[in-house]
Amino acid sequence: MQRTIVKEIPEHKGEIIKVCGFVNIKRDHGKLVFIDLIDRSGVVQIVGGEKLSSLKPQDVIEVTGKVQERPVNMVNKKILTGSVELSIETIEILSKAEEIPFDMTQEILNVELPTLLDFRALTLRHSKVKSIFKVQAAVMQGFRNAAQALDCVELFVPTISASATEGGAEVFKVDYYGHNAYMVQSPQLYKQMLVPVFERVFVISHAYRAEPSVTTRHLSESVQMDCEFGFVNFDDLLDYLELVGKETLKYVGKTCSDILSDFNIPEIKIPENVPRLTMREAQRIILERTGIDHTKEKDLEPEDEREICKWALETHNSDLVTITHYPTKKRAFYTLADPKDPEFSLSYDLLFRGIEILSGSQRISNYKDLVSAIKERDLDPKNFEMYLQAFKYGMPLEGGFSFGLERITMQILQLKNIREASLFPRDMERVDQRLSVLKSNNKK
Ligand code: AMO
């Protein structure tokens, strides 16, 4: 007999079918035992006698049974198969699960973050946890659709590099056959090198940052979704980043509405025109609203980002706000200074519901200026030789941006910690296992 997937069961009323999946909840009423079986498409109630009573959560089973209609007062409107149940004929245990160390049967998985991550291969199975990554897949798809609609070609770039992409100390060094190499801090240099080749590109890539502290919004390994365009000016770039941001969020709203309502997420407010402020304008608004004077600060603090997002929601009914003109010295070496006021740069961040989800800039496209900018940061142009070739041999005005996949996912679902939005998060304290555990294992 062929396997029927759970969501199709209601089409087989009265028939004997075969299903395969995982035991979720068991309700044992003595002679009558119910289990909820989960497969990739949904959940269904199976009813039987003692054949079911030895089952435990996460056992993998194959069941044949008859699809019968549930009495009207027993219909479960919350699930797709709620009008039917499967009355068991035969059962085979395909894989027996060991005792689960915590209760996975509740609607919300009630474990602390370290446990959630220590048992990641297991906790990911919980339907609410799994849903986070369905939303993440939709973010990726929405981004991809929008980038393709802008005529960008999708490319895959290396994650081991000869130079530290973004500068600074937050770089993982790799022993590369006895030479120094680095894990890329972003796909930046490669996407820029590809502009003269394809003109418009997009890249979805892992990025590595040796973040020196533990925060709720930084990972040591994250996924960046980048675009880069040739023959563009600053205004074009702002239009493009907002377009891609809006389209990505709209796609998620459209395709994941069931999950968003399950998480009690308010509708995402996406305005036609995203409000735009320079960093200094944002700081002045914050001063007016809160009396807190950050107008001399060189960057927006996390609380500033939250406050300016509140402003955007209240005054523009928008969950998005674009901030431009960050101080040139605070941005990476490839960022173009504003010719009208070189202290500030042609750079931008996109904030969403209180935090930065994107940043980018108009780039220095002139070869000589770029070499000078590298030297000004005390970096060695020799380490950027291949990157610099792209500029030496003809480069149009260009620029681009990068979205953080986990950050967007976290903000859409209003998760408290970015680690919840990463399948296998890496940070200062963990690479799969806690580093403290790995250390004591190594000593043994
Ligand atoms: P930036 O460093 O701002 O810019 O990174 C771009 C976006 O990636 C996300 N992000 C992170 N997410 C989780 N953990 C981290 N440690 C982390 N670091 C960054 C954020 C951020 O907005 N090359 C430039 C982009 C460009 O100019 O095109 C860059 O990497 O959402």
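In this predicted model, nine bridges join strand β10 to strand β11, and the two run antiparallel. Within this pairing, I204 stands opposite M225 of β11. On its other partner, β10 pairs with β6 in the parallel sense over three bridges, and F202 of β10 is the bridge partner of E154. Eight of the nine residues of β10 are buried, so this strand is largely enclosed by the rest of the structure.

## The eight-stranded sheet

These strands belong to an open sheet of eight strands with mixed pairing, in the order β6-β10-β11-β18-β17-β16-β13-β12. The edges are formed by β6 and β12 (276–278); each has a single partner strand, so one side of each is left without a neighbour in the sheet. From one strand to the next, the twist averages 25°. Strands of a sheet pair through backbone hydrogen bonds, in either a parallel or an antiparallel arrangement.

At the β12 edge, three bridges connect β12 with strand β13 (residues 320–324), and the two strands run parallel. Here L277 stands opposite I323 in β13.

Helix α3 (residues 127–149) lies across β6, β10 (200–208), β11 (221–230) and β18 (398–404). The helix runs at about 150° to β10.

## A nonpolar surface patch

Strand β6 (residues 153–155) contains V153. Together with V197 and F198, V153 forms a nonpolar patch on the surface, with about 240 Å² of accessible area for the three residues together. V153 counts as partly exposed because its relative accessibility is 32%, a value between the limits of 20% for buried and 50% for exposed.

## Salt bridges

The count of salt bridges in the model comes to 22. Three of these pairs are set out below.

| Pair | N to O distance |
|---|---|
| K191 and D226 | 2.8 Å |
| R331 and D349 | 3.1 Å |
| R426 and D432 | 2.9 Å |

The side chains of K191 and D226 meet in a salt bridge. This pair links distant parts of the chain, with K191 in helix α4 (residues 188–193) and D226 in strand β11, 35 residues apart. K191 is buried, with a relative accessible area of 1%, and D226 is likewise buried, with a relative accessible area of 1%. Which residues are joined with K191 and D226 into one network by salt bridges that share partners? The network also includes E228 and R363.

The salt bridge between R331 and D349 involves a loop and a strand of the sheet. R331 lies in the loop between β13 and β14 (337–338) and D349 in strand β16 (residues 347–352), so the pair ties together parts that are 18 residues apart in sequence. Both R331 and D349 are buried.

In the third pair, D432 forms a salt bridge with R426. D432 counts as partly exposed because its relative accessibility is 41%.

## Surroundings of L117 and L52

D432 is also a contact of L117, a residue of helix α1 (residues 113–118). When neighbours within four places in sequence are left aside, L117 is in contact with R419, P425, R430 and D432. Is L117 buried or exposed? At 5% relative accessibility, L117 counts as buried. By C-alpha positions, L117 and Q389 are 43 Å apart in space, and they are 272 residues apart in sequence.

L52 lies in the loop between β3 (42–48) and β4 (60–69). Although placed in a loop, L52 counts as buried, at 0% relative accessibility. Leaving aside neighbours within four places in sequence, the contacts of L52 are K26, V33, I35, I46, V47, I88 and I91. The C-alpha atoms of L52 and F34 are separated by 7.6 Å, and these two residues are 18 residues apart along the chain.

Methods:
Residues numbered from 1 in each chain as written. Predicted model: local features only at pLDDT ≥ 70, side-chain atom pairs only at ≥ 80, totals over all residues. Heavy atoms only, no water. Patch = residues over 30% accessible without salt bridge, like charges linked within 9 Å, V, L, I, M, F, W, Y side chains within 5 Å. Areas by Shrake-Rupley, 256 points an atom, 1.4 Å probe, with all protein chains shown as cover. Salt bridge = Lys/Arg side-chain N within 4 Å of Asp/Glu carboxyl O. Helix = DSSP H or I, 4+ residues; strand = E, 2+ residues; numbered from the N terminus. Buried < 20%, exposed > 50% of the residue type's maximum accessible area, 1.4 Å probe, protein only. Pairing = 2+ DSSP bridges. Axes fitted to C-alpha atoms, helices over the stretch in contact; angles between N-to-C directions. Contact = heavy atoms within 4.5 Å.
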